[in-house]
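Visitor: I would like to go through the terms used for this model and see what each one rests on. Please show it before we start.

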Amino acid sequence: FTEREFAERSEVKDNVEQTGPQLKKEILYSVDDSPPIQLTILLGFQQYLTAFGGLVGAPLLLRKFYCIDGDNEGLAQIIGTVFVACGISTVLQTTLGVRLPIIQGATAAFFGPIISVLSQPDMQCPYTAIQNNNGTSETLPPLGSEGHKEIWRERFRLIQGSMLVASLFQVFLGCSGMIGVMLRYIGPLTVAPTIALIGLSLFDIVADFAQGQWYIALSTSLVITIFSQYCKKLSIPCCQYSKGQGCKCEKLPIFQLFPKVGCFLRVKNRWGYQARTDIKTSSLSSSPWIRFPYPGQWGTPTISAGAVCGMLAAIIASVVESIGDYRACAKLSEAPPPPDHAMNRGVAMEGIGCILNASFGSGQATTSYSENIAAILITKVGNRQVTIAAGLLMIVFGCLGKFTALFVALPDPILGGIALITLGMVISVGISNYQYVDLNSSRNLFIIGTSLFVGLTVPRWVSENPASIHTGVELIDQILLILLRTNMLVGGVLAFILDNTIPGTKEERGLLIWNAGAQDSNKDTVCKTYDIPFIQTYLNRINCLRFIPICPTYQPGNCTRKKRNYNL
């Protein structure tokens, strides 16, 4: 679109009448729009760039616990596996799941359980233990050897099996329609701290990334800030070719569409050794050009009862997070509020995505990426086709061995600088849910302050004093440690209990505006937005599907249908 069309489109979006507290509408491409194919690919690549920090950061953060640190080739394979599995999950979620522009990626909700499981005495990395004791051992195989690979593969197989079993519960939770029951009790006061604590709990990890060279990290954040905020109205002349008109020069709001591309201009810098990209290049020579990840590539998964319980706790927290993500994404992308059947499909599809990740052996689980939802505020693009393009790019790039090996050499300060902005936006998206509640109510202020502060302090204390949890039963101790170390679970559960036990009106709790979308779910625009593509006409002819909670014809949910004709 041209500069004039961009201005007209933004003006129309800004003048849309809204009910209840809403963000100012500046979306360039909403959910059901169809951008040009070349722009779709470019915007999909932008979404990929937004997500890759978390996709790459997850295995990099956990590499020492998995005992894969030192095997750069194996780490590159893990990164490629994460890309492929999350790409498949993104395409499935966007087309058949909740059908909102949500990237599926590695979730920090599982970091606590994974670290706790791998920190058990029988699963501790022997190389890390030797480094902590400043000793050497001739019995350990060299780093990168087959013996070393078997050590970290054993740990991946344990997380694989435990995650596979726990993910079945998430699939059941979505397919059974229990999400609709949960929505009656989960409101803004529960969702807001759950999402906000994701970013607040990771500040120390971001600091660890950035501390290698703070100048590079802060300058990366500065470039993103300049591009996304100060230069968002600046249009750049670009050559454009159209059939019938030939080549012509048009102005495009490049900085508003691609605010994060400029951060990579500072990767090559002379200020610090930690910011150099040539200190971990051994993986480039040892990695193959093309490698296709496949299920069971690390061997047969194993199961631990304690690990399964830990994964279940993380899944519950992830589901609560996703409920808020669906609503936030729908609001930011100018989509109607998702009805019950869309929520159910979304949660079930996230469970299937976790099963895919576990079977492929990525060592991670998937959830809705709050970073990419927050990026809608920056890019002003919340489009389904763009997200599908991002998922396909993740699959393609994940199969390129040399490409994934590049991320092993990515400087930590660059990731830290990007995380300073994206995780800050995650916090703001979570806090924005408080706009629905009465902030003049002392009841609500008590719940907000208590849930956020307890959600930060209790996990920190438990992490520093694990010996304080001692019930006499090792399995119970392990489960309690995993639960109490998860910030968003502690804060979210406390907010849930307080919000549903302290007396308060629905208006005071924000439930009236929060659930206002349920009254609009009878509109055709809502139903069409969340319909299953290509086969919806045939599904409407099967009457028994109205009892299936994940089907768009599900009558007990929010979307009560009338018979109508579809033009597909």
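Visitor: Which residues are buried in α4?

Guide: In α4, a helix in the sense of a DSSP run (H or I, at least four residues; strands are E, at least two), numbered from the N terminus, the buried residues are Phe111, Gly112, Pro113, Ile114, Ser116, Val117 and Leu118. The model is a predicted one: local features need pLDDT of at least 70, side-chain atom pairs count only at pLDDT 80 or more, and totals for chains, interfaces and linings use all residues. Residues are numbered from 1 along each chain as its sequence is written, and side-chain values use heavy atoms, with hydrogens and water left out.

Visitor: What makes helix α4 mostly covered?

Guide: Buried means under 20% relative accessible area, exposed over 50%, and partly exposed in between (1.4 Å probe, protein chains only). Of the 8 residues in α4 (residues 111-118), 7 are buried.

Visitor: Why is valine 493 called partly exposed?

Guide: Its relative accessible area is 38%, and partly exposed covers the range between under 20% and over 50%, so the label applies. Valine 493 sits in helix α21.

Visitor: What makes the nonpolar surface patch?

Guide: Val181, Tyr185, Val493, Phe496 and Ile497 make a patch of about 410 Å². Patch residues have over 30% relative accessible area and no salt bridge; nonpolar side chains (Val, Leu, Ile, Met, Phe, Trp, Tyr) are joined within 5 Å, like charges within 9 Å. A salt bridge is a side-chain nitrogen of Lys or Arg within 4 Å of a carboxyl oxygen of Asp or Glu. Areas come from the Shrake-Rupley method with a 1.4 Å probe, and for residues only the protein chains shown count as cover. Helix α21 (residues 487-501) gives the most to the patch, 3 residues.

Visitor: What is the volume of the largest pocket, and which residues are closest to its centre?

Guide: The volume is about 1000 Å³. Of the 32 lining residues, Phe111, Ile115, Leu202, Asp204 and Ile205 are the closest to the centre. A pocket is an open set of points on a 1 Å grid over the protein atoms alone, with protein on both sides within 12 Å along at least five of seven lines; in a cavity a 1.4 Å probe fits but cannot get out, and lining residues have an atom within 4 Å of a point. Points are joined across faces, edges and corners, and a volume is the space filled by probe spheres set on them. The largest share of the pocket lining, 6 residues, is from α2.
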